[in-house]
Every structure is written in structure tokens, then in C-alpha cells.
Amino acid sequence: MAKPGHSWSRAPPPPPGEKAEDEEGEDPLDSMIARTGCLEQHRELQECMAEQRDWRHCQAQLRAFGACMERRERREH
């Protein structure tokens, strides 16, 4: 039976001699979120998820990201 919680983790570093994704170019998802003005909140949520490995422990970051995206949505309409 699978463990409860989130099983997401960050990718391992690239092997020696290969460039990391950051060095090759910006992540398209990061680019899209940066245009919303909510990149900092998104990164804080990602860091929490990587450390806690369970989204339930990242509620403050999740709410902050959601609130930022909601403010952006209201500005557009």
C-alpha cells in the first residue's frame, strides 16, 4: 500500500560534464508564473514541498500562492 502524502521530490543533480536545466534555459513553467507576478510565492511553495514531502504541511505557502494568483485574476478582469 502506498504511503499517504506527496511523493514529489526534486530531480537529482546532473552527472558531471552535463549542464543543469537552469544553465540551459529557464523552465517554461517558471516563465509563465513569473509573468503572473507570483513567482516568489510559487518558489516558496516548491521549497516547502521538497522539504516536507507532504503538501498538507505547506498550507501557508499554498494559500499565499493562491491569493497572489487570485489578485492577478481580478486585475485582468
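User: Let's start with helix H2. What covers its buried residues?

Analyst: Helix H3 (39–52) and helix H4 (59–76) are among the elements that cover them. Keep in mind that this is a predicted model.

User: Which residues of H2 are the buried ones?

Analyst: They are Asp30, Ser31, Ile33 and Thr36.

User: Why is Asp30 called buried?

Analyst: Its relative accessible area is 12%. Buried means under 20%, so with 12% Asp30 gets that label. Asp30 sits in helix H2, which runs over residues 28–36.

User: And what is Asp30 in contact with, leaving aside its neighbours within four places in sequence?

Analyst: Leaving those neighbours aside, Asp30 is in contact with Leu39, His42 and Arg43.

User: How do you know that Thr36 is buried?

Analyst: Same kind of check. Thr36, also found in helix H2, has a relative accessible area of 8%. The cut-off for buried is under 20%, so Thr36 counts as buried. Not counting residues up to four places away in sequence, Thr36 touches Met69, Arg72 and Arg75.

User: What does the side chain of Thr36 reach?

Analyst: Two backbone atoms come up here. The side chain of Thr36 reaches the backbone oxygen of Ile33 at 2.5 Å, and the backbone nitrogen of Cys38 at 3.1 Å. A polar contact needs a pair of N or O atoms within 3.5 Å, and 2.5 Å fits that distance for Ile33, as 3.1 Å does for Cys38.

User: What makes Asp27 a cap for H2?

Analyst: A side-chain oxygen of Asp27 lies 2.9 Å from the backbone nitrogen of Leu29. That is within the 3.5 Å cut-off for a polar contact, and the end being capped is the N-terminal one.

User: What follows H2?

Analyst: Gly37 does, and its phi is positive, near 85°.

User: Which residues make up the largest nonpolar core?

Analyst: There are 9 of them: Ile33, Cys38, Leu39, Leu45, Cys48, Met49, Cys58, Phe65 and Cys68. H3 and H4 are the elements that give two or more residues to this core. The largest share, 4 residues, comes from H3.

User: Why is it called a nonpolar core?

Analyst: The name is for buried residues of certain kinds, Leu, Ile, Met, Phe and Cys among them, joined through side-chain atoms within 4.5 Å. In soluble globular proteins, nonpolar side chains tend to be buried together.

User: What is Leu45 in contact with, leaving aside its neighbours within four places in sequence?

Analyst: With those set aside, Leu45 is in contact with Cys58, Gln61, Leu62 and Phe65.

Notes
Residues numbered from 1 in each chain as written. Predicted model: local features only at pLDDT ≥ 70, side-chain atom pairs only at ≥ 80, totals over all residues. Heavy atoms only, no water. Buried < 20%, exposed > 50% of the residue type's maximum accessible area, 1.4 Å probe, protein only. Contact = heavy atoms within 4.5 Å. Polar contact = N/O pair within 3.5 Å; in protein donor to acceptor, adjacent residues only side chain to side chain.
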